Amino acid sequence: EVKKGDNILDYALPERRPMLKELYGRVLRGEDEMSEVRMQTPNLGEKIFTISYKPARDAFGEIIGAFASARDITEKKLAEEALEKSEHRFKALVQEGSDLISILDTQGRYLYQSPNYIHYTGRVAGEMTGKNAFEFVHRDDFDRLMAEFQKVVTEKRIKSSLYRCTHENGEWRWFQSVATNLLDDPAVNGIVVNTVDMTDIINAQNKLKASEQNHRALFNSSPLPMWVTDLETYRFLDVNQTAIDHYGYNREEFLSMTARDIRPPEDIEYLNNAIKESREADGVIRYGIFRHLKKNGEIIKVDVSGHRYKFNGRDCLIVTCTDLTEKIAAEEKLKESNERYELVTKATFDAIWDLKLDTRELFWGEGFKTLFGYETGVVDYGSWSANLHPADKDRVIELADKIKESKETIWQQE
């Protein structure tokens with residue numbers, strides 16, 4: 001309860017009393033004062049007041065005391081503080097955010113630009129006010145972007161297509177914007193444009209596209225049959241022209257088939273094991289030699305390798321095949337020929353030997369062992385010539401040396 005005659009300082013918080021004592025001293029000396037104070041009330045919580053202090057004078061103008069009047073500014077102060085916090089958040093978002101924020105008039109002239117414009121355009125935000133945003137747009141994108149911008153008057157909000165703007169350093173950068181018509185909002189009175197720099201994304205997409213094009217070129221131009229197989233369904237997802245030519249199926253036929261369709265039925269289990277191995281392996285996988293079926297029913301032997309990768313979002317296997325059919329057949333014929341040769345050398349009493357003219361290596365057959373007692377096998381030319389009779393040695397060696405340059409296929413000498 002306030003009583004007449006009480007000291008005003010007794011009603012103040014202890015920490016405020018020194019300040020109020022000085023304040024009342026100035027007022028009693030004739031000065032006007034103003035202060036702001038927060039008070040905790042019993043029923044209404046914290047209240048904020050502005051208190052005005054003026055000297056109280058008598059009829060003769062003499063200061064006889066201090067006159068104080070208080071005004072409740074709680075709602076006003078809280079609104080100001082909320083606005084200050086909002087503006088602080090907005091400033092933080094605008095300055096530190098990744099979006100570029102601008103306000104344009106209906107002609108596209110800048111009314112406002114966020115401070116972070118300099119990071120993406122190289123231009124100081126305030127210096128762009130009054131300039132037309134479209135003067136920085138690439139000429140190939142100008143008409144399209146202008147047509148999109150004009151729609152914002154009727155549609156209120158539009159999202160632009162990708163477009164290019166020039167950086168202060170001359171570089172062209174990619175952007176995409178969302179424009180919102182706030183011409184009717186007195187606080188804005190313009191078209192708010194939120195813009196995102198898409199340059200890094202576009203560059204990454206272009207690199208990926210170039211990589212895919214290079215892959216496609218290598219895939220299509222490969223001299224070896226290649227295809228892409230789905231690891232779950234075994235279905236062919238892509239096939240190069242070499243495979244089409246080599247196996248006899250056209251592209252549509254290939255893409256309607258699975259990897260099982262080019263295997264003999266008895267080899268399907270080998271395929272299943274290879275696919276299982278692929279699901280658990282990384283890097284290049286060398287599967288070895290498999291049998292494949294051509295469209296005409298011919299069975300070929302191919303050396304198969306592959307590696308896993310993603311194709312259109314699927315876990316796939318890109319396969320390369322080398323047809324070894326002729327090579328294997330030639331090796332088998334050579335093996336048969338060598339076996340027959342060995343049988344002949346064992347079955348005859350003649351001393352048969354084979355001389356390689358380029359390396360001068362000799363192979364002595366069983367006949368040499370039978371007639372001369374030498375072990376069969378590969379020996380060097382010197383071992384052979386050392387066993388010639390001295391009377392024949394020079395003549396035979398000279399004739400043997402001439403064989404290499406001679407076109408004759410038969411040489412006979414005693």
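**Figure 1. The lining of the second largest cavity, sorted by residue type.** In this predicted model, the lining of the second largest cavity splits into ten nonpolar residues, one polar and one charged. The full set is Trp227, Thr229, Ala259, Arg263, Leu271, Ala274, Ile275, Tyr287, Phe290, Val304, Leu317 and Val319. Together they surround a space of about 110 Å³. Helix α9 hands over the largest share of this lining, three residues. At least two residues each come from β10 (226-230), α9, β12 and β14.

**Figure 2. The largest cavity.** The structure has two cavities of 30 Å³ or more, and the largest of them holds about 330 Å³ of space. Which residues sit closest to its centre? They are Ala133, Tyr163, Ser177, Val193 and Thr195, out of 24 that line the cavity. Sort the lining by type and you get 17 nonpolar residues, six polar and one charged. Two helices and some strands pitch in here: α3 (117-121), α4 (139-150), β4 (100-104), β7 (163-166), β8 (172-182) and β9 (190-197) each give at least two residues to the lining. As for how such gaps turn up, rolling a probe the size of a water molecule over the atoms shows where empty space is left.

**Figure 3. The largest nonpolar core.** Here you're looking at a group of 26 residues, and the ones that touch the most other members are Trp227, Tyr247 and Phe254. Two or more residues of this core come from each of β11 (236-239), α7 (241-247), α9 (268-279), β12 (285-293), β13 (299-311) and β14 (314-323). A second core, separate from this one, has 19 residues, including Val137, Leu145, Phe149 and Ile158. As a rule of thumb, nonpolar side chains in soluble globular proteins tend to be buried together.

**Figure 4. Phe254 and its contacts.** Zoom in on Phe254, one of the residues that touch the most other members of the largest core. Which residues does Phe254 touch, once you skip those up to four places away in sequence? The answer is Phe236, Val239, Ala243, Ile244, Tyr247 and Tyr249. Tyr247 is itself another of the residues with the most contacts to other core members.

**Figure 5. Arg164 in strand β7.** Arginine 164 has its place in strand β7, a strand that also supplies at least two residues to the lining of the largest cavity. Is Arg164 buried or exposed? With a relative accessible area of 19%, arginine 164 counts as buried, because the cut-off for that label is anything under 20%. Apart from its neighbours within four places in sequence, Arg164 is in contact with Phe136, Val137, His138, Asp140, Asp141, Trp172, Arg173 and Trp174. Among these partners, Val137 belongs to the second nonpolar core.

**Figure 6. The loop between β8 and β9.** Two residues are worth a look here: leucine 183 and asparagine 189, both in the loop between β8 and β9. Leu183 is partly exposed, at 25% relative accessibility. Asn189 is also partly exposed, at 48%. Setting aside residues up to four places away in sequence, Leu183 touches Thr106, Asn189, Gly190 and Ile191. Leu183 and Leu104 are 79 residues apart in sequence, yet their C-alpha atoms are 9.7 Å apart in space. Asn189 has a backbone quirk too: its phi is positive, about 50°, although it isn't a glycine. Most residues other than glycine have a negative phi.

**Figure 7. Tyr234, between β10 and β11.** What is the phi of Tyr234? It is positive, about 70°, and this residue is not a glycine either. Tyr234 lies in the loop between β10 and β11. Despite its place in a loop, Tyr234 is buried, with a relative accessible area of 6%.

**Figure 8. Asn312, between β13 and β14.** Asparagine 312 is found in the loop between β13 and β14. Asn312 counts as exposed because its relative accessible area is 70% and the label applies to values over 50%. Along the sequence, Asn312 and Leu237 are 75 residues apart, and from C-alpha to C-alpha they are 9.5 Å apart in space.

**Figure 9. Zooming back out.** The chain as a whole has 13 helices and 17 strands. Of its 414 residues, 34% are buried. The accessible surface comes to about 27200 Å², and carbon and sulfur atoms account for 52% of that.

Key: Residues are numbered from 1 along each chain as its sequence is written. This is a predicted model: local features need pLDDT of at least 70, side-chain atom pairs count only at pLDDT 80 or more; totals for chains, interfaces and linings use all residues. Side-chain values use heavy atoms; hydrogens and water are left out. Helices (H or I, at least four residues) and strands (E, at least two) are DSSP runs, numbered from the N terminus. Buried means under 20% relative accessible area, exposed over 50%, partly exposed in between (1.4 Å probe, protein chains only). Accessible areas come from the Shrake-Rupley method with a 1.4 Å probe; for residues, only the protein chains shown count as cover. A nonpolar core is a set of buried Ala, Val, Leu, Ile, Met, Phe, Trp, Tyr and Cys residues joined through side-chain atoms within 4.5 Å. Contact means heavy atoms within 4.5 Å. On a 1 Å grid over the protein atoms alone, a cavity is a set of points where a 1.4 Å probe fits but cannot get out, and a pocket is an open set with protein on both sides within 12 Å along at least five of seven lines; lining residues have an atom within 4 Å of a point. Grid points are joined across faces, edges and corners, and a volume is the space filled by probe spheres set on the points. Ala, Val, Leu, Ile, Met, Phe, Trp, Tyr, Cys and Pro count as nonpolar, Asp, Glu, Lys and Arg as charged, and the others, Gly among them, as polar.
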